Amino acid sequence: MVGLMAAAKIRLCVDQPLGPGQSVPLSVAQAHYLFGVMRTGEGSAVLVFNGRDGEWLAEVSEAGRGRGALACRRRVRPQVAGPDLWLLFAPVKKARTDFIVEKAVELGVARILPVLTERTNSERFRRDKAEAHVREAAEQCGALCLPEVAEAAPLDRVLAGWDPSRHILWADEAEAGAAVTLAALPDGPGAVLVGPEGGFSGVERARLGTLPFVHAVALGPRILRAETAALAALTLWQAARGDWR
Ligand code: SAM
């Protein structure tokens with residue numbers, strides 16, 4: 001079993017429940033990846049997780065063309081809750097949106113909410129594609145949790161239904177150059193809000209400025225691209241209130 005564990009380099013995100021002896025059928029894509037790309041076969045070790053049952057050491061029990069199965073051997077990491085951090089961002093161009101989704105997973109975000117602002121100027125947000133990126137990023141970075149991806153929704157509607165106990169760190173470009181002060185940001189559930197390439201409109205800024213659960217923050221003296229701002233704001237939150245402490 002120790003040898004099997006040492007050999008397990010491949011990490012797969014699956015949908016099925018995981019438990020001792022549990023058989024996990026592979027999708028066509030997973031079978032192609034394991035047997036066609038990674039050249040594994042029966043008896044090969046694989047790590048599997050599903051976002052609910054921790055991480056399991058599994059063994060290929062059946063390997064065929066476009067099909068196959070794994071057998072769970074033992075749990076190697078229990079499921080643990082990640083930080084209660086959400087990311088609200090205005091979708092940008094496709095490759096940059098994909099980047100934001102990937103980095104959100106690596107940085108431990110629990111929920112990804114695309115928000116449509118007055119100046120959001122992007123192609124349609126594809127939730128199914130974003131979910132696939134979430135799984136890939138989680139496989140690669142060792143995450144046990146899979147952030148939920150929400151459908152894109154207008155920012156004002158999202159704010160209207162917001163639970164005020166979840167405090168939002170608002171990356172506000174108008175604050176650029178001000179010193180970063182997170183002292184007023186309470187502990188507990190949080191979110192980061194980043195605007196589109198064109199920034200927030202005056203109306204949006206005025207509204208955000210009146211909400212007691214929104215905290216404006218500057219991300220240094222330069223204007224960052226939206227994807228850099230998302231990364232920087234998530235890093236700040238993780239260092240100050242999250243699991244980097
Ligand atoms: N067109 C806007 C301007 O020139 O002011 C810039 C928008 S910026 C490309 C996209 C988003 O990144 C902003 O809405 C904001 O959320 C965030 N951002 C960029 N630089 C920032 C900074 N220095 N401080 C705070 N937020 C920043």
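**Note on the ligand shell, helix α7 and two residues**

1. Around the ligand there are 20 residues, counted when a heavy atom lies within 4 Å of the ligand. Among these 20, A171, E173, L219, R222 and L224 come nearest. The model is predicted: local features need pLDDT of at least 70 and side-chain atom pairs count only at pLDDT 80 or more, while totals for chains, interfaces and linings use all residues. Residues are numbered from 1 along each chain as its sequence is written, and side-chain values use heavy atoms, with hydrogens and water left out.

2. By class, the ligand shell holds twelve nonpolar, four polar and four charged residues. Here Ala, Val, Leu, Ile, Met, Phe, Trp, Tyr, Cys and Pro count as nonpolar, Asp, Glu, Lys and Arg as charged, and the others, Gly among them, as polar.

3. Which backbone atoms lie close to polar atoms of the ligand, taking N or O pairs within 3.5 Å? A polar backbone atom of A171 is 2.6 Å from a ligand oxygen. For G195, a backbone N or O atom lies 3.0 Å from an oxygen of the ligand. At R222 the partner is a ligand nitrogen, 2.8 Å from a backbone N or O atom. The ligand taken alone exposes 580 Å², of which the protein buries 84%; these areas come from the Shrake-Rupley method with a 1.4 Å probe.

4. Helix α7 covers residues 226-241; helices are DSSP runs (H or I, at least four residues) and strands likewise (E, at least two), numbered from the N terminus. Its 16 residues should span 22 Å, because the expected span is 1.5 Å times one less than the number of residues. The end C-alpha atoms of α7 are 22 Å apart, which agrees.

5. The buried residues of α7 (under 20% relative accessible area, 1.4 Å probe, protein chains only) include A226, E227, W237 and R241. The buried residues of this helix pack against β6 (85-89), α3 (94-106), β10 (167-171) and β11 (190-194), contact being heavy atoms within 4.5 Å.

6. Q238 is found in α7 and is buried, with a relative accessible area of 1%. A polar atom of the Q238 side chain lies 2.7 Å from the backbone oxygen of L107. Leaving aside neighbours within four places in sequence, Q238 is in contact with residues including P83, L85, L107 and W244.

7. V28 lies in helix α2 (residues 28-37). Its relative accessibility is 58%, so V28 counts as exposed (over 50%). The C-alpha atoms of V28 and F200 are separated by 43 Å, and the two residues are 172 apart along the chain.

Terms used: A polar contact is a pair of N or O atoms within 3.5 Å; within protein, one must be able to donate a hydrogen and the other to accept it, and residues adjacent in sequence count only if both atoms are side-chain atoms.
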